[in-house]
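Open the model in your viewer and keep the selection tool at hand. The tour goes stop by stop.

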Amino acid sequence: MQTRYNDLVAKINQWDYEYYVLDNPSVADAEYDQVFRQLLEMEADNPELITPESPSQRVGAKPIDEFRKIEHTVKMLSLANAFSLEETFGFFEKAAKELELSPASLELFSEPKLDGLAISIHYEKGLLSYAATRGDGQVGEDVTHTIRTVKSVPLKLAIPNPPEKLDVRGEVFMPKAAFEKINRQAVQNDSKVFVNPRNAAAGTIRQMNPKIAAERDLQFIPYGLGEYEGEQQFTRHSEILAYLHRLGFRKNPHCYAFLGSFEAFEKNYQVMEQTREKLPMQIDGIVYKVDSLELQTALGFIARSPKWAVARKFPAENMVTQLLSVDFQVGRTGVLTPVARLEPVFVGGVTVSNATLHNMDEIERLGLGIGDSIEIQRAGDVIPKVVKVVATGTHRAPIVMPVRCPVCDAAVERTEGQAAFRCTGGLTCAAQGAERIKHYASRRFMNITNLGTKLIELLYSKGCLNTIADIYSLKLSDIADLEGQGEKSAQNVLASIDASKSTKLGTFLGALGIHEVGEEGAKSIAKYFKNLDAIAHASFEDLMQVPDIGPVMATNVVNFFKDEKNQAIIAKIIGAGVCWEDEANEPVKQQRLAGQTWVLTGTLQQMPRNEAKALLESLGAKVAGSVSKKTTCVVAGQDAGSKLANAQALGIKVLDETEFLAEFKLAD
C-alpha cells in the first residue's frame, strides 16, 4: 500500500509540475480528477500514510489567528529604480568603471519585472519548511499556509540529493486571466473588486484562511537565492535560475543575456515593451543584473540595494478624465492643500478618483478650472498628478482659495513670498488638533511613551483630547473605558504623562509645532533667550539675532506667541505642572565629531533616528536635514531616497546602519 500511495503522490506532483510550471499538461482534467480522488480516499482510510509533500496537503492547514514574524537568514534587498535608457546605461557604466571594465564588455542578464509580492520560501533537505514576505527586508510575515496552496511552488524539490538548506526568493503574482475571473465573480456576488493583479495577489497571500487562497490561481516565479547550503556551485546568476527550474520552479519568460552597450540596452527594452501586453502576467519594468556572481560580490551593496542590479521601470501611464471639484485639506501645520476630485479612471494599475494639486501656484500654472478635461499621470505607487488641461469645460468654474478655514473658520492667510495658504487657528484648529497632539507627545519631543498614535486618535474622536493641553486633564476613566484598553493600560498612560512634565525648554518649544521651527531651531532659540517669557515677548528683530534663524521662522514665532488662544493653551500646560530649568550657557567641549556635518536618511532598524541624532550631537556633530558639499557623512537606512543619491553624486562618505553602529562600537 505504501508503494501504491507513493506512486500516486509522485504521479500527481508530476502532473502539477507539467501543468503549472511547464504549461504543458500531459493528461486530461478528468483523468487528473480521478487519480486525485483515489489519493484522497486512500488518505482518508489510512491517515498514517500522509506525507508533507502530498498534493492534498496544499490546503490542509487550518486558518490562522495572526501572522507570526520570521527573521530572514539572508536579508531581502530591494532594487534601485531607473526611468530612462540613459539612467539605466549610466547605472552599469558606473558599475563597469568601478570594476575597471568597459560597459560593452559587461555580461548582463535581463528579466521581466513581475508586478507581484516578493516572497522567500525556505526548504530543509528538499521539503518546504516555511515562507515569509519581505517585510522590512530583515523580518517578514509567515505566510506558509497560503504559499503551500500555490501549485507552482513545489512541496518537495524535484532532485534526488537536494540542498540541506535553500531559500528561494521570488515573486508571487496573479495572472491576468485569474484576476479577471475573480473580479467577475466579485461583481456577481456584490463583493469587493480588486483594483489590480498585484493587490489581488498580496491580499490573497495574506488571507488567514488558506482555502480562500487555494481558490485563486496564484503563481510563483523565482528570481534568486537567499540562504543556500548545497553541493551545486554557481558562477552566474543565470546558472542559479536554470538550477531552480531543475528543482521544479517555473521559468520567468523572455529572459535575455547580452553585453552592456547602449545599443544593446535600447534593443532589449524595445523588445520587452512590445512583448509586455502579450504576457499572461502583469509586469511593470525590466530587471537588469550583472550575470557574474564574482563581479556581483566585487560591486557589493549600498544601503538596501545591490550595486549590480537595477529595475528599469516602464513609463508612467497617462489618462484623461474630468475635474469634478476641488476640496481643501488642512494639515498639521495649518497649510491648506487643494485636492482634485476626479471622474474615476483606471490608470497605472489602480482606479484613481483623487489627485494632488499641491498649491494655488500649481493650479494657476496649469490654468485649471472645475469642469475641465485633464490628463493625469501615475507611475508605480506615486500619488496621481495632474499633468495638463486637455480641454476647458463648457460650464467651468474657477478654483478659489477659501478665506476662512473649512474646519475651524479661522482666517486663512498667505505669508508673503510663500506658496502656502495657512489656517491661523493654530493650536485650536480641529483639523490640526490630532496631528499636533501626536507631534507634541512623540519621542522626539515630550516623549509620552504610552500615548501612541492610535490612542490619540481614539481619544480625539471621543472628544477627550482637543488640544495639547487636554493631555494633562485626562482621567483614568477616559482611557480605561476605551475598546482595547483597561485600568492597567490607563495607569501606564497617566504615568507616562506625569513623567513627561519634567522637560527642557528647547524640547517644549519644538513640541508646540510652530511652523518651520524644528528641533534645531527650537534649541537655538531656547539657548539664546534662556526662558519662555523672553521668547514669547521677542520681536522679529530680536529673533533674527539667533544663529541659524531666518526671517520665515522669526515671523512664525512672533505670530504664534501673539495669538491669545495659543497663550491660553501654554498657560494651561504650565499650570498642569510642565516645567524645565532655564537654558544655561555651557562651554562647548572639543569633541570627536566637532565641526563635522552628518545627515541621516531612510529608516534605521536597530537605533531610532532620534537616538542616532542624539548620539551624533553628543559627539559634537551638526545633524543637517539636507546633503551639501559641506556634509561629512551620510547614514543611509532602509528606503533612503534623494539624500543618498545626492551623497553618491557628490562623492560623500556613506555608511549603512551596520557600518554606522560599528563606527561607534555599538554593533551587536
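Select H237 and show its contacts. In this predicted model, leaving aside residues up to four places away in sequence, H237 touches F109, E111, Y223, K289, D291, L293 and Q296. Colour the helix it sits in: H237 belongs to α8, residues 237–247. Is H237 buried or exposed? H237 has a relative accessible area of 5%. Buried means under 20%, so H237 counts as buried.

Next, select strand β4, residues 117–124. Most of β4 is covered, with 7 of its 8 residues buried. Now add its partners. Strand β7, residues 165–173, pairs with β4 in the antiparallel sense, over 8 bridges. To check the register, label A118, which stands opposite E171 in β7. Strand β5, residues 127–133, also runs antiparallel to β4, and 6 bridges join the two. Here the pair to label is I121 and, opposite in β5, A131.

Stay with β4 and β5 and go to their hairpin. There are 2 residues between the strands. Pick K125 and read its backbone torsions: phi is positive, near 50°.

Now turn on cavity detection. How many cavities of 30 Å³ or more does the structure hold? There is 1. The largest cavity encloses about 30 Å³ of space. Select its lining: E71, H72, T73, S120, Y130, D167 and R169. Colour these residues by class and you get 1 nonpolar, 3 polar and 3 charged.

Move on to the largest nonpolar core. This core has 52 residues. Start with Y440, F508, I525 and F561, the residues with the most contacts inside it. Then show the elements that give two or more residues to the core:

- α12 (430–441) and α13 (453–461)
- α15 (487–499) and α16 (505–511)
- α17 (519–529) and α18 (532–536)
- α20 (551–562) and α21 (564–575)

Which element gives the largest share? That is α20, with 6 residues.

Centre on F508 and display its neighbours. Not counting residues up to four places away in sequence, F508 touches Y440, M446, T503, L532, I570, I573, V578 and W580. Y440, one of these contacts, is also on the list of core residues with the most contacts.

For the last stop, leave this core for another that lies apart from it. The other core has 33 residues. Select V143, L155, F194 and F249, which are among them.

Conventions
Residues are numbered from 1 along each chain as its sequence is written. This is a predicted model: local features need pLDDT of at least 70, side-chain atom pairs count only at pLDDT 80 or more; totals for chains, interfaces and linings use all residues. Side-chain values use heavy atoms; hydrogens and water are left out. A nonpolar core is a set of buried Ala, Val, Leu, Ile, Met, Phe, Trp, Tyr and Cys residues joined through side-chain atoms within 4.5 Å. Buried means under 20% relative accessible area, exposed over 50%, partly exposed in between (1.4 Å probe, protein chains only). Helices (H or I, at least four residues) and strands (E, at least two) are DSSP runs, numbered from the N terminus. Contact means heavy atoms within 4.5 Å. Two strands pair if DSSP finds at least two bridges between them. On a 1 Å grid over the protein atoms alone, a cavity is a set of points where a 1.4 Å probe fits but cannot get out, and a pocket is an open set with protein on both sides within 12 Å along at least five of seven lines; lining residues have an atom within 4 Å of a point. Grid points are joined across faces, edges and corners, and a volume is the space filled by probe spheres set on the points. Ala, Val, Leu, Ile, Met, Phe, Trp, Tyr, Cys and Pro count as nonpolar, Asp, Glu, Lys and Arg as charged, and the others, Gly among them, as polar.
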